[in-house]
Amino acid sequence: MRQPAMTATASFHALQSHYAATKEEQLAQLFAADGHRFAHMTLAAAGLFLDFSKNRLDATALTLLANLARERGLEAQRDAMFAGEKINQSEHRSVLHTALRAPRGRALHVDGRDVNQDVHAVLEHMRSFSERVRSGSWLGYTGKPITDIVNIGIGGSDLGPKMACLALRSYANPGLAMHFVSNVDGHAMDAVLSTVNPETTLFIIASKTFITAETMLNARTARAWFLCHGQPADLARHFVAVSTNIEAITSFGIDPENMFPFWDWVGGRYSVWSAIGLALVLCVGFAYFGDFLAGAHAMDQHFQQAPLAQNMPVVLALVGFWNRQFLQCSSICIAPYHHDLSYFAAYLQQLEMESNGKRVTRHGAPVDGPTCPVVWGDCGTNAQHAYFQLLHQGTAITPVDFIAALRATHDLPGHHDALLANCFAQSEALMMGKSGAEVRAEMAAQGLTGAAIDDLVPHKSFPGNRPSNTILMDQLTPTTLGALIALYEHKTFVQGVLWNVNSFDQWGVELGKELAKKIQAEWSGKAAPAYHDSSTSGLMALARAARLTS
């Protein structure tokens, strides 16, 4: 059933009116007016704590935002997703990454099959295989145990396991080195192959169809490199596949017993919970992977059951929607104050921008407002010495999600206190800013007078009133990492519902790949030269000339 345009709804009109009446309010004033604002605007769920009090909205705005979510059918669409209905309309698929972390015995039938049984059969296969590799009983072609794992995939088949392996570094098997290759740039593959030993390296080829162009080019390169040392019969000891194309993997030289399938209701950017997580299982072990799934499942249950006003993914999504729609914030900065979350911003870039970077609704009509903001960021405190200047004094307002653990997993004295002090100070500074009067008083206390102070005031003043969230966990563990990822997955879903876009297809990645195939075919002589614009033709000519002289 087609929905009316979002901007035509009564709840959206109420939000517009409320924003117009309150848009000049300052965060400092909101805190001064409500001595319990922190208590009123914090939530705890699944081992996470969310402080959203440093956002430029009040309790009335939150109520109106929740009304909009109801009017857009959020609860019904959430229930449809968990029930396995084909909510990915353009691809006629269910969306069941949540089923990947459901406990054994939670029957869910899709197209006549109990997906829970299928999921746990694959998990058992992953457990058995990973234990053989981690124990050293899986031997390479010369009888040596595996020391290096190379995951070859792209998009979610790379970002998910790569992000999670680093995030859970403290839980990793020290006897296994993890490597990830996704880029079709041969320098990436060369950097890995130059450091590993073919006798002790296991390659995971992660491609559901086993035809993904970038992944298969890298896989063939790895295969050719290996065959410079071993024999074709040895491939089965060193290559496994996360795929469903049994014919293709067999032709490649992979034993079908070492194929780990997943399903078309698992989108790539939601797939780390599936067999795509095999690298993570090998890295941390199956027990910790189970904790990872359990953390996500706990957030799933909270998302399903909590009232909208106390629902952490919903509130995070509503606040983000407010910042995008009414404050017109075109980007959001992800700032984990934890080195092991170094890839988390990149992970969220794909999750949110590939999901909600859409300009038409689920039914093909133009969206009547801005959709997904640009997601970017890096770890603090490094980020403070890179782009926080822009966050504090730039012309654009960029909300920030600060993410931190209250306790470290190391025992180095002094470091964690300094880290958390910086994290909390940055959110306070973004909110409070520094007035010209404060700058003048500081300069006067330092002995400056007159024109010297006047010259410095504009440069040392901070406007403040800049929004942020803070997400805390006790420690970064497999369980809390699972909950954190699931939190952002459900946030992405909620915002997709508000904008009425399909958050589970990604047709926008196809056009450039199609054109790349045509250009490659022309270069190889498999296709006649086609018309290109003068820029593309000129660039191609430069590349041809470089190849002729190399």
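Hi everyone. Let me begin with Leu481, which touches Met163, Ala164, Ala167, Leu168, Phe292, Leu341 and Leu476, leaving out residues up to four places away in sequence. Before I go on, please keep in mind that this is a predicted model.

Leu481 belongs to something bigger. The largest nonpolar core has 118 residues, and Phe344, Leu481, Leu484 and Tyr488 are the ones that touch the most other members. Which helix gives the most to this core? That is helix α19, residues 478-499, with twelve residues. There is also another core, lying apart from this one, made of 22 residues that include Val196, Phe203, Ala222 and Leu235. As background, nonpolar side chains in soluble globular proteins tend to be buried together.

Let's stay with α19 for a moment. How many of its 22 residues are buried? The count is 21, so α19 is mostly covered, given that buried means under 20% relative accessible area. Its length works out nicely too: at 1.5 Å a residue, the 22 residues should span 32 Å, and the end C-alpha atoms are 32 Å apart, which agrees.

Right after α19 comes Asn500, with a positive phi near 60°, and Asn500 is a residue other than glycine. Asn500 sits in the loop between α19 and α20, the latter being residues 510-524. Is Asn500 buried or exposed? Its relative accessibility is 4%, so Asn500 counts as buried.

Asn500 has a counterpart in another loop, at Asp111. Asp111 is not a glycine either, and its phi is positive, about 50°. You will find Asp111 in the loop between β3 (109-110) and β4 (113-114). Here the relative accessible area is 64%, so Asp111 is exposed.

Now on to a helix pair. Please find helix α7, residues 156-167, and helix α14, residues 344-356, on the structure; they pack at an angle of about 145°, and their axes are 9 Å apart. The crossing of α7 past α14 is left-handed. Which residues make the contact? On the α7 side they are Gly156, Leu159, Gly160 and Met163, and on the α14 side they are Phe344, Ala346, Tyr347 and Gln350. Sorted by character, the residues of this contact are five nonpolar, three polar and no charged. Two of these names came up earlier: Phe344 was listed among the core residues that touch the most other members, and Met163 was among the contacts of Leu481.

A little more on α14 itself. This helix has 13 residues and reaches 18 Å from its first C-alpha to its last, close to the 18 Å expected at 1.5 Å a residue. Its buried residues are Phe344, Ala345, Tyr347, Leu348, Gln350, Leu351, Glu352, Ser355 and Asn356. What do they pack against? Their partners are α7, the strands β9 (331-337), β10 (374-377) and β11 (400-405), and also α19.

If we follow the chain from α14 towards β10, the loop between them holds Pro370. Its relative accessible area is 26%, so Pro370 is partly exposed. Leaving out residues up to four places away in sequence, Pro370 touches Arg324, Gln325 and Trp499. The C-alpha atoms of Pro370 and Lys54 are separated by 23 Å, and the two residues are 316 apart along the chain.

Beyond β10 there is a detail worth pointing at. Gly380 and Thr381 are joined by a cis peptide bond, with omega about 10°. Thr381 lies in the loop between β10 and α15, which covers 388-393.

I'll finish with two residues and their contacts. His297 is part of helix α12, residues 286-305. With a relative accessible area of 13%, His297 is buried. Which residues is His297 in contact with, leaving aside neighbours within four places in sequence? They are Arg101, Ala102, Pro103 and Arg106.

Phe180 lies in strand β6, residues 177-181. Again leaving aside neighbours within four places in sequence, Phe180 is in contact with Asn151, Asp158, Pro161, Lys162, Cys165 and Ala279. The C-alpha atoms of Phe180 and Trp376, 196 residues apart along the chain, are separated by 21 Å.

Thanks for listening!

Terms used:
Residues numbered from 1 in each chain as written. Predicted model: local features only at pLDDT ≥ 70, side-chain atom pairs only at ≥ 80, totals over all residues. Heavy atoms only, no water. Core = buried A, V, L, I, M, F, W, Y, C linked by side-chain atoms within 4.5 Å. Buried < 20%, exposed > 50% of the residue type's maximum accessible area, 1.4 Å probe, protein only. Helix = DSSP H or I, 4+ residues; strand = E, 2+ residues; numbered from the N terminus. Contact = heavy atoms within 4.5 Å. Axes fitted to C-alpha atoms, helices over the stretch in contact; angles between N-to-C directions. Left-handed = near helix turned anticlockwise from the far one by under 90°. Nonpolar A, V, L, I, M, F, W, Y, C, P; charged D, E, K, R; others polar. Expected span 1.5 Å × (residues − 1).
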